[in-house]
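Reader: I have the sequence and the model open side by side, and I would like to walk through them with you. Could we take it one question at a time?

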Amino acid sequence: MTAHDVRDDRPARSYFLAGTMQGARTGADLTDQSYRQRLTEALRARRPDAVIHDPGVVMAEWLASHPADVRAAHAALADRKVLHHDELAKELRELTDLFHRLTRLAADSDVCVAWLPGHEPSMGTAAEMLSAHRAGRTVVAITDMRQNLAVLSCSTVILPDLDAFTDWLDAGGDAL
């Protein structure tokens with residue numbers, strides 16, 4: 001019997017896919033988001049009943065349901081020296097509310113999987129990891145940043161790549 005077989009009779013677990021979206025970039029310049037599909041495929045292959053929360057999907061759906069002026073309001077922030085949250089455009093306040101909902105969803109999920117390639121930090125991912133960690137959830141960081149204090153402090157396990165993540169799943173590491 002494998003670790004996967006043991007898991008088949010347990011209730012479905014939920015996984016939050018944290019990871020770099022904007023990172024150190026400005027404006028609407030996003031990192032390659034293909035990792036989300038690869039993580040989803042790896043989870044579906046091993047945990048077919050898993051509930052997967054993908055903030056990339058949530059953000060895309062939210063943006064699609066809002067007028068284009070959200071992007072324009074976001075872009076206009078670059079020209080403002082001082083920002084007060086209560087003075088932001090309504091769409092931007094809704095966007096920041098969405099960020100807070102996502103960090104709560106990370107805390108409510110059984111496992112937070114944080115994709116942080118190379119050595120590029122992500123403040124959003126750090127917030128999601130911290131929320132999950134504080135809620136006592138399993139936090140899996142897939143990254144080379146073993147010396148980053150936020151990653152080290154909030155991770156249950158740090159893995160170097162997708163292959164190590166799938167090995168971890170196959171060994172039942174998410175049953176913690």
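Reader: Let me begin with one residue: where is Thr156 found?

Author: Happy to start there, with a word on the ground rules. This is a predicted model, in which local features need pLDDT of at least 70 and side-chain atom pairs count only at pLDDT 80 or more, while totals for chains, interfaces and linings use all residues. Residues are numbered from 1 along each chain as its sequence is written, and side-chain values use heavy atoms, with hydrogens and water left out. Helices (H or I, at least four residues) and strands (E, at least two) are DSSP runs numbered from the N terminus, and by that scheme Thr156 sits in the loop between H7 and strand S5 (157–159).

Reader: Is Thr156 buried, partly exposed or exposed?

Author: Buried means under 20% relative accessible area, exposed over 50%, and partly exposed in between, using a 1.4 Å probe and protein chains only. Thr156 has 42% relative accessibility, so this residue counts as partly exposed.

Reader: How many helices and strands are in the chain?

Author: Reading along the sequence gives the pattern α-β-α-β-α-α-α-β-α-β-α-β-α. In total, the chain has eight helices and five strands.

Reader: How many salt bridges does a search of the whole structure find?

Author: In general, side chains of opposite charge can pair when their charged atoms come close. Here a salt bridge is a side-chain nitrogen of Lys or Arg within 4 Å of a carboxyl oxygen of Asp or Glu. Searching the whole structure on that basis gives four.

Reader: How far apart are the closest N and O atoms of Arg36 and Asp54?

Author: Arg36 is buried because its relative accessible area is 5%, and Asp54 also counts as buried, at 13%. The two form a salt bridge, with their closest N and O atoms separated by 2.9 Å.

Reader: Which parts of the chain does the pair of Asp174 and Arg47 link?

Author: Asp174 counts as buried because its relative accessibility is 0%, and Arg47 does so at 4%. They form a salt bridge whose closest N and O atoms are 2.8 Å apart. The pair links distant parts of the chain, 127 residues apart: the segment after H8 for Asp174, and the loop between H2 and S2 for Arg47.

Reader: Which residue forms a salt bridge with Asp170?

Author: Asp170 is partly exposed, because its relative accessible area is 36%. The closest N and O atoms of its salt bridge are 2.9 Å apart, and the partner is Arg46. This pair links distant parts of the chain, 124 residues apart, joining Asp170 in helix H8 (residues 162–170) to Arg46 in helix H2.

Reader: Now the interior: which residues of the largest nonpolar core touch the most other members?

Author: A nonpolar core is a set of buried Ala, Val, Leu, Ile, Met, Phe, Trp, Tyr and Cys residues joined through side-chain atoms within 4.5 Å. The largest one has 22 residues, and those touching the most other members are Phe16, Cys112 and Met129.

Reader: Which helix gives the most to this core?

Author: Several elements each supply at least two residues, including strand S1 (14–19), helix H5 (90–108) and strand S3 (111–116). The top contributor, with five residues, is H5.

Reader: What percentage of the chain's residues count as buried?

Author: The accessible surface of the chain comes to about 9600 Å², by the Shrake-Rupley method with a 1.4 Å probe, where for residues only the protein chains shown count as cover. Carbon and sulfur atoms account for 56% of that surface. Of the chain's 176 residues, the share that counts as buried is 38%.
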